[in-house]
Amino acid sequence: MKMSIHSRRISRRTMLAGATALGLTGTLAACGGSDDDSGKAGGPVKLTYWSWAPNMDKVAAIWNKKNPDITVTVSKQASGGEIVSKLITAKKAGSAPDLIQVEYQSLPTLVSNDVLADISTYVGDAKSDFSDGLWKMVTLGTDALYALPQDSAPLMFYYREDLFKKHGLSVPKTWTEFAEVARAARKAVPDAYLTTFSANDPGLFAGLSQQAGGAWWTVDGGGKWTVGIDDAGTRKVADFWGGLVQEGVIDNQPMYTPAWNNALNKGTHLAWVSAVWAPGVLVSSAPDTKGKWRMAPLPQWKSGENVTGSWGGSSTGVSTDSKHAEAAAKFARWINTDPEALAALVKYPAVYPAATKGQSGDILKTPEFFSNQADFYTTAAAIAATTAPSAWGPNVQIAYTAFQDGFGKATKARKEAQFDSALDAVQSKTFQDMKKQGFEVTEA
């Protein structure tokens with residue numbers, strides 16, 4: 001018998017717990033939802049799609065022109081925790097939209113709050129269109145299917161090709177080599193660093209832990225959760241970066257600040273561990289460095305390994321409130337697997353498609369900022385295929401907030417020991433929060 005965290009036995013408890021954790025109290029507004037009269041008497045089906053991606057309405061317009069019997073209206077939303085809160089509120093009011101753009105880390109929260117429907121009956125055979133790692137992100141390790149992958153964000157290593165050549169630095173293939181290059185860069189250019197450790201970005205740390213084999217949350221067939229944020233893989237990552245920060249060969253400043261932009265633009269940061277979407281950031285953050293960067297696979301923990309983590313990405317789900325789940329799932333398949341739709345996703349929202357056939361070929365053109373690397377997307381596709389599955393839970397935001405607090409203090413102090421204690425704190429706060437909410441939970 002199929003068991004999942006969407007089963008009736010635990011969904012009622014977790015619905016209430018999730019709503020409490022997100023502060024969803026008071027009057028519930030009726031927002032979103034499909035037209036109650038659509039599809040009656042053979043009429044056209046009208047679907048609503050909540051998405052934060054820019055120009056998604058232009059992609060939907062292509063579908064609508066070809067499918068007048070199933071029309072999709074895009075409603076622009078905020079991303080992150082705001083859309084999650086709004087969706088749970090809408091679900092409580094019985095008016096969640098038909099289709100939802102969902103970040104991978106938000107899937108367990110929405111499933112445990114009964115927002116997302118199991119669409120495996122309609123589009124379960126789409127599995128072959130995606131890598132195994134991405135498919136596991138939307139099944140949550142069960143027989144159910146809660147969304148179809150839309151875009152992926154595999155981690156990669158970006159470096160200033162000109163400065164690496166100038167200072168005789170080698171592109172690191174392992175994290176041990178990465179540390180050696182960091183020391184060599186600091187010695188060659190005393191006013192510069194290889195890169196920085198940013199305590200403001202838990203998503204990057206989560207992706208690095210994912211690569212190292214970390215499994216922060218797991219759930220068994222009976223609905224019992226295990227929190228293992230301080231597992232061996234994650235502790236290895238924390239010790240590694242904490243050691244480099246304490247040694248003084250890695251900067252300790254946050255990313256996405258004017259100072260960070262300046263460091264990238266001036267070349268006082270010679271590299272950046274980031275995701276496939278990095279070129280778009282560099283355009284505005286380091287405009288003077290166009291044509292000077294290259295991308296390579298993420299360093300590995302063991303020589304010969306070939307695995308990466310992810311930082312970001314989203315999927316397309318169907319809500320349990322939709323009166324036209326099959327039609328909604330049909331659109332979800334189209335937008336995430338059809339060649340014309342994939343090309344439109346690249347052209348309009350500028351996303352990197354999750355479907356393997358959308359990650360290379362004529363659909364993608366080398367980013368102008370990487371004009372010196374014609375094989376950018378060929379390399380990116382090979383890296384994306386090695387993405388390890390993530391392990392998200394129903395209170396990601398609690399863990400992220402605890403990370404920013406604890407690692408922020410540790411990074412500022414430049415003490416490796418504080419990186420360890422900060423990880424302990426993230427584990428403890430995440431576990432205690434789930435316990436408080438009423439989840440059946442244990443620690444790894």
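In the predicted model, Lys91 is buried, with a relative accessible area of 15%. Its salt-bridge partner Asp114 is likewise placed in the buried class, at a relative accessible area of 18%, and the closest N and O atoms of Asp114 and Lys91 are 3.9 Å apart. Because Lys91 belongs to helix α3 (residues 81-92) while Asp114 sits in the loop between α4 (107-112) and α5 (120-123), the pair ties together parts that are 23 residues apart in sequence. Both values fall in the buried class because that class takes in relative accessible areas under 20%. The pair is also part of a wider arrangement, since salt bridges that share partners join Lys91, Asp114 and Asp321 into one network.

Across the whole structure, the search for salt bridges returned 15 of them. Side chains of opposite charge can pair when their charged atoms come close. One of the pairs found is that of Glu368 and Lys290, whose side chains meet with an N to O distance of 3.9 Å. Glu368 is located in the loop between α14 (339-347) and α15 (376-384), and Lys290 in the loop between α12 (278-285) and β9 (293-297), so this salt bridge ties together parts that are 78 residues apart in sequence. With regard to accessibility, Glu368 is exposed, having a relative accessible area of 61%, whereas Lys290 is partly exposed, with a value of 48%.

A further salt bridge is formed between the side chains of Lys429 and Asp405, for which the N to O distance is 3.7 Å. This pair links distant parts of the chain, with Lys429 in helix α17 (residues 416-437) and Asp405 in helix α16 (residues 396-413), 24 residues apart. Lys429 counts as partly exposed at 43% relative accessibility, and Asp405 is also assigned to the partly exposed class, at 35%.

The largest nonpolar core comprises 140 residues, of which Phe178, Trp217, Trp241, Ile250 and Phe407 touch the most other members. Among the structural elements, helix α13 (residues 325-337) gives the most to this core, contributing 8 residues. The surroundings of Phe407 were examined in further detail: when residues up to four places away in sequence are not counted, Phe407 touches Phe197, Ala199, Phe205 and Ala238, together with Phe419, Ala422, Leu423 and Val426.

Trp217, named above among the residues of the core with the most contacts to other members, also appears in the description of the second largest pocket, where Leu140, Gly141, Trp217, Ser390 and Ala391 lie nearest the centre among the 18 lining residues. The elements that give two or more residues to this lining are α6 (132-139) and β6 (217-219), and β6 gives the most, with 3 residues. The space in the second largest pocket is about 300 Å³. By residue class, the lining of this pocket divides into 11 nonpolar, 6 polar and 1 charged.

A final site concerns Ser285, which lies in helix α12. Ser285 counts as buried, its relative accessibility being 8%. With residues up to four places away in sequence not counted, the contacts of Ser285 are with Trp260, Asn261, Leu264 and Asn265.

Technical notes: Residues are numbered from 1 along each chain as its sequence is written. This is a predicted model: local features need pLDDT of at least 70, side-chain atom pairs count only at pLDDT 80 or more; totals for chains, interfaces and linings use all residues. Side-chain values use heavy atoms; hydrogens and water are left out. On a 1 Å grid over the protein atoms alone, a cavity is a set of points where a 1.4 Å probe fits but cannot get out, and a pocket is an open set with protein on both sides within 12 Å along at least five of seven lines; lining residues have an atom within 4 Å of a point. Grid points are joined across faces, edges and corners, and a volume is the space filled by probe spheres set on the points. Helices (H or I, at least four residues) and strands (E, at least two) are DSSP runs, numbered from the N terminus. Ala, Val, Leu, Ile, Met, Phe, Trp, Tyr, Cys and Pro count as nonpolar, Asp, Glu, Lys and Arg as charged, and the others, Gly among them, as polar. A salt bridge is a side-chain nitrogen of Lys or Arg within 4 Å of a carboxyl oxygen of Asp or Glu. Buried means under 20% relative accessible area, exposed over 50%, partly exposed in between (1.4 Å probe, protein chains only). A nonpolar core is a set of buried Ala, Val, Leu, Ile, Met, Phe, Trp, Tyr and Cys residues joined through side-chain atoms within 4.5 Å. Contact means heavy atoms within 4.5 Å.
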